[in-house]
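Me: I'm new to this structure and would like a close look at a single part of it. Could you take the strands that pair up into a sheet, and then show me what lies around them?

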Amino acid sequence: MDHAVVIGASIAGLLSAAALHRRFAQVTVLDRDTLPAVDAHRRGAGQSRHAHGLLARGSEVMDELLPGLSAELVAQGAIRGDMQDRARHVHAGRRLARGSSGLTGLLVSRPLLEGQVRRRVGALPGVRVLAERTVTGLLARQGRVTGVRLAEGELIPADLVVDAAGRGSRTPFWLGDLGFRPPREERVTIDLRYSSREFRRRDDHLAGDVIAVVGPTPGTPRAGVALALEDERWVVTLAGYGMGPPRGHGDFAAFAATLAAPDLHHLVTTAEPLGEPRTYHTPTAVRRRYERLASFPDGLLVTGDAVCSFNPLYGQGMTVAALEAKALLDPGLSPAAYFRRLAAIVDLPWEITVGADLRIATTDGRPTPKMRLIGAYLDRFHAAAAHDPELTRRFLRVTNLYDPPQSLMSPPALLRVLRSGAQRAVPVPA
Ligand SMILES: Cc1cc2nc3c(=O)[nH]c(=O)nc-3n(C[C@H](O)[C@H](O)[C@H](O)COP(=O)(O)OP(=O)(O)OC[C@H]3O[C@@H](n4cnc5c(N)ncnc54)[C@H](O)[C@@H]3O)c2cc1C
């Protein structure tokens with residue numbers, strides 16, 4: 001095949017290009033944004049000012065697609081480490097036990113990560129990454145997509161078009177123009193409000209830990225995360241379901257004090273702030289069910305947030321985009337088979353986040369009896385994991401998208417949870 005066009009030069013688009021360049025002589029990645037020459041925030045990726053955790057699985061798959069990437073990021077100041085070791089995880093109001101998970105995480109700002117991925121992809125033979133090109137429509141002939149149309153009127157022919165334009169993807173509308181049905185959308189209203197601020201990092205902050213995650217609980221629908229970044233910085237993100245974001249520094253610290261554990265409040269009241277808090281609102285998580293369509297044009301595929309944009313609190317988007325990019329390595333996949341493969345990738349993270357979100361009173365939808373039962377079990381699981389590094393390790397394997405949630409109910413896990421019954425009523429220690 002000769003030419004593939006990718007719409008969107010963010011994480012999903014760039015990783016798609018990294019995969020497609022192994023199959024196509026030429027790959028053109030188009031983005032409507034001005035792409036910064038240095039690693040900086042840009043308009044089309046407003047999320048980059050907020051905590052952007054890369055799960056261990058995501059880092060691993062990005063290294064498969066772009067060998068040596070994580071080492072290059074570490075050389076530029078990114079921090080690599082075990083996800084359970086220099087990390088504080090408070091879930092369901094329980095501080096989970098430390099240990100060694102065997103899962104290697106990478107702490108890096110989103111601008112540095114995206115910038116390095118863009119440099120690597122742009123240097124691949126036959127790949128061009130073009131800024132300030134807005135795709136406004138698809139070209140098609142006899143039910144097959146044959147290229148894209150740009151706002152400036154230019155037509156770019158392609159053997160394959162991959163839509164990686166994010167949550168605002170136009171493919172559902174373009175399908176209608178071509179006489180196809182759009183995908184059904186599943187939406188979960190989360191009304192999640194973020195506020196994030198950077199701080200100067202000192203080695204004594206959080207006693208040398210580099211990750212602190214304080215998750216929401218049904219009674220405390222607020223969360224926070226602090227991630228150490230390159231250049232001796234922290235990014236601290238505070239989040240609330242259905243409640244206004246904190247704006248000024250005083251509000252930011254006051255909000256941090258309402259979380260289920262005091263770690264982030266302590267950090268933001270002792271570290272030196274760098275800049276003002278920035279806010280972001282995510283009204284819904286959206287999943288587009290392309291795999292359920294009866295017909296879909298050849299020559300077109302969709303990936304990344306354009307297929308599913310998750311509740312960002314769980315840090316899954318970039319990892320899912322990386323896993324989906326691997327599906328593009330397979331030249332023999334029909335659109336139907338490709339979307340079935342994507343659905344299998346999305347099912348697990350979607351199940352994890354929707355199950356957790358539906359337990360929060362402000363989200364719409366009701367948990368099913370099965371979900372309520374699982375929720376009750378997870379409360380016991382977390383209580384046990386507060387004392388059991390092995391249970392914490394298993395939990396992190398699920399949240400890092402290595403194992404399915406069912407693994408938390410395997411007979412060995414169940415036995416450990418039941419044995420720990422006597423230790424249930426331990427509060428979160430400071
Ligand atoms: C607040 C927030 C926090 C997040 N935190 C995390 C996290 O901690 N960990 C994690 O893994 N993920 C996180 N995510 C998700 C993550 O940012 C995305 O999953 C990831 O960027 C992949 O998205 P994407 O490339 O599919 O789309 P996007 O990142 O949305 O990029 C779409 C690109 O397409 C371009 N574009 C759009 N329309 C057109 C057009 N018509 N023509 C040309 N170009 C176009 C845009 O300019 C943009 O560059 C977060 C998201 C949000 C909103």
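Reply: Let's start with one pair of residues: Arg-187 stands opposite Val-286 in β16. Keep in mind as we go that this is a predicted model.

That pair belongs to a longer run of pairing. Strand β12 and strand β16 (residues 273–288) are joined by 12 bridges, and the two run antiparallel. Val-286 is a handy residue to follow, as it also stands opposite Ser-309, which sits in β18. Between β16 and β18 there are 2 bridges, again in the antiparallel sense.

Now go back to β12, which covers residues 185–200, and look at its pairing with β15. Here 9 bridges link β12 to β15 (residues 233–241), and these strands are antiparallel too. If you want a pair to find on screen, take Ser-195, whose bridge partner in β15 is Leu-238.

What holds such strands side by side? Strands of a sheet pair through backbone hydrogen bonds, and they may run parallel or antiparallel.

Step back and you can place these strands in the whole sheet. It is an open sheet of 8 strands, and the order across it is β5-β4-β13-β14-β15-β12-β16-β18. The pairing over the sheet is mixed. At the edges are β5 (94–95) and β18 (308–309), each of which pairs on one side only. So the Ser-309 you met opposite Val-286 belongs to an edge strand, β18.

How do the domains divide up the protein? There are three of them: domain 1 (3–54 + 108–184 + 289–351), domain 2 (188–284) and domain 3 (369–424). The C-alpha centres of domain 1 and domain 2 are 30 Å apart. Where those two touch, 16 residues from domain 1 and 21 residues from domain 2 take part in the contact.

There is empty space to look at as well. Rolling a probe the size of a water molecule over the atoms shows where such space is left. The structure has 4 cavities of 30 Å³ or more, and the largest cavity has a volume of about 80 Å³. Why is the largest cavity said to lie between domain 1 and domain 2? It lies there because both domains give residues to its lining.

That lining brings us back to the sheet. β14 (222–229), together with α4 (110–122), is one of the elements that each supply at least two residues to the lining of the largest cavity. In total 14 residues line the largest cavity, and those nearest its centre are Ser-48, His-50, Ser-109, Leu-229 and Val-235. By type, the lining splits into 6 nonpolar, 5 polar and 3 charged residues.

The second largest cavity holds about 60 Å³ of space. Its lining has 13 residues, with Ala-40, Arg-42, Arg-110, Pro-111 and Glu-114 closest to the centre. This lining of the second largest cavity divides into 5 nonpolar, 3 polar and 5 charged residues.

Two helices round off the tour. Helix α1 (residues 11–20) is mostly covered, with 10 of its 10 residues buried; among them are Ile-11, Leu-14 and Leu-20. In helix α10 (residues 369–385) you'll find His-382, which is buried at a relative accessible area of 6%. Leaving out residues up to four places away in sequence, His-382 touches His-91, Ala-92, Arg-94, Leu-96 and Phe-395. One of these, Arg-94, takes you back to the sheet, as the edge strand β5 spans 94–95.

Conventions:
Residues numbered from 1 in each chain as written. Predicted model: local features only at pLDDT ≥ 70, side-chain atom pairs only at ≥ 80, totals over all residues. Heavy atoms only, no water. Helix = DSSP H or I, 4+ residues; strand = E, 2+ residues; numbered from the N terminus. Buried < 20%, exposed > 50% of the residue type's maximum accessible area, 1.4 Å probe, protein only. Contact = heavy atoms within 4.5 Å. 1 Å grid on protein atoms, 1.4 Å probe; cavity = no way out; pocket = protein on both sides within 12 Å on 5 of 7 lines; lining within 4 Å. Points joined across faces, edges and corners; volume = space filled by probe spheres on them. Nonpolar A, V, L, I, M, F, W, Y, C, P; charged D, E, K, R; others polar. Domains from an automatic or database assignment. Pairing = 2+ DSSP bridges.
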